[in-house]
Amino acid sequence: MEENVGDTDALVRILLGAVAGVLSLGTLTEMLPSALSLPTVASPVLGVLALALLGTGFTSKCALYNALGMNTSK
């Protein structure tokens, strides 16, 4: 699969993936402030989302973009 995620798109994915990862770990360890408290079931969901965003951001390849015929790298 060729690269189909542009630089700005990749940067946004990496930043959102990092935030999702921090929220996932914070929820899992119950170390989030009460204003940000999330249900425990949110931790694995946010973790998977974080992995997907970070993976596609660092590799600049997105299978969903490929299936939809999208390309933000041009």
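Analyst: Before we look at the surface of this predicted model, one definition is needed: a nonpolar patch is made of residues with over 30% relative accessible area and no salt bridge, whose nonpolar side chains are joined within 5 Å.

User: Which residues make the nonpolar surface patch, and what is its area?

Analyst: The patch is made by Leu64, Leu68 and Met70, and its area comes to about 310 Å². Met70 lies in the segment after H3, and with a relative accessible area of 37% it passes the 30% cut-off for a patch.

User: Why is Met70 called partly exposed?

Analyst: The term covers values between the limits of 20% for buried and 50% for exposed, and because the relative accessible area of Met70 is 37%, it is partly exposed. Gly69, also found in the segment after H3, has 66% relative accessibility and therefore counts as exposed, since that value is over 50%.

User: How far apart are Gly69 and Ala20, in sequence and in space?

Analyst: They are 49 residues apart in sequence, and their C-alpha atoms are 26 Å apart in space. Ala20 is one of the buried residues of H1.

User: What makes the span of helix H1 close to the expected one?

Analyst: H1 takes in residues 7–29, 23 residues in total, and reaches 33 Å from its first C-alpha to its last. The expected span is 1.5 Å times one less than the number of residues, which for this helix gives 33 Å, so the two values agree closely.

User: Which residues of H1 are buried, and what covers them?

Analyst: The buried residues are Asp9, Ala10, Arg13, Gly17, Ala20, Gly21, Ser24, Gly26 and Thr27, and what covers them includes helix H2 (42–59) and helix H3 (63–68). H1, H2 and H3 account for the 3 helices of the protein, which has 0 strands, and the elements run α-α-α from the N terminus on.

User: How do you know that Asp9 and Arg13 meet in a salt bridge?

Analyst: The definition asks for a side-chain nitrogen of Lys or Arg within 4 Å of a carboxyl oxygen of Asp or Glu, and the N to O distance between the side chains of Asp9 and Arg13 is 3.1 Å, so the pair qualifies. A search of the whole structure finds 1 salt bridge.

User: What separates Asp9 and Arg13 along helix H1, and are they buried or exposed?

Analyst: Because they are 4 residues apart in H1, about one helical turn separates them. An α-helix has 3.6 residues a turn, so residues three or four places apart point the same way. Asp9 has 17% relative accessibility and Arg13 has 11%; buried means under 20%, so both count as buried.

User: What is notable about phi of Glu30 and of Ser60?

Analyst: Phi of Glu30 is near 55° and phi of Ser60 is near 60°, each a positive value in a residue other than glycine. Most residues other than glycine have a negative phi. Glu30 follows H1 and is found in the loop between H1 and H2, whereas Ser60 is found in the loop between H2 and H3.

User: Why does one of these count as buried and the other as exposed?

Analyst: Ser60 has 12% relative accessibility, which is under 20%, so it counts as buried, while Glu30 has 69%, which is over 50%, so it counts as exposed. Leaving aside neighbours within four places in sequence, Ser60 is in contact with Glu3, Asn4, Val5 and Ala10.

User: Why is Val5 called buried, and what is it in contact with?

Analyst: Val5, whose place is in the segment before H1, has a relative accessible area of 3%, which is under 20%, and therefore it is buried. Beyond its neighbours within four places in sequence, its contacts are Ala10, Arg13, Thr56, Ser60, Lys61, Cys62, Tyr65, Thr72 and Ser73. The C-alpha atoms of Val5 and Lys74 are separated by 8.7 Å, although the two residues are 69 apart along the chain.

User: How does the radius of gyration of the protein stand against that of a compact globule?

Analyst: A compact globule of 74 residues would have a value near 11 Å, but the protein has 14 Å. Its C-alpha trace spans about 45 × 20 × 15 Å along the principal axes, and 31% of its residues count as buried.

How values were computed
Residues are numbered from 1 along each chain as its sequence is written. This is a predicted model: local features need pLDDT of at least 70, side-chain atom pairs count only at pLDDT 80 or more; totals for chains, interfaces and linings use all residues. Side-chain values use heavy atoms; hydrogens and water are left out. Helices (H or I, at least four residues) and strands (E, at least two) are DSSP runs, numbered from the N terminus. Buried means under 20% relative accessible area, exposed over 50%, partly exposed in between (1.4 Å probe, protein chains only). Contact means heavy atoms within 4.5 Å. The radius of gyration is taken over C-alpha atoms; the globule rule is 2.2 Å times the number of residues to the power 0.38. Patches are made of residues with over 30% relative accessible area and no salt bridge: like charges are joined within 9 Å, nonpolar side chains (Val, Leu, Ile, Met, Phe, Trp, Tyr) within 5 Å. Accessible areas come from the Shrake-Rupley method with a 1.4 Å probe; for residues, only the protein chains shown count as cover.
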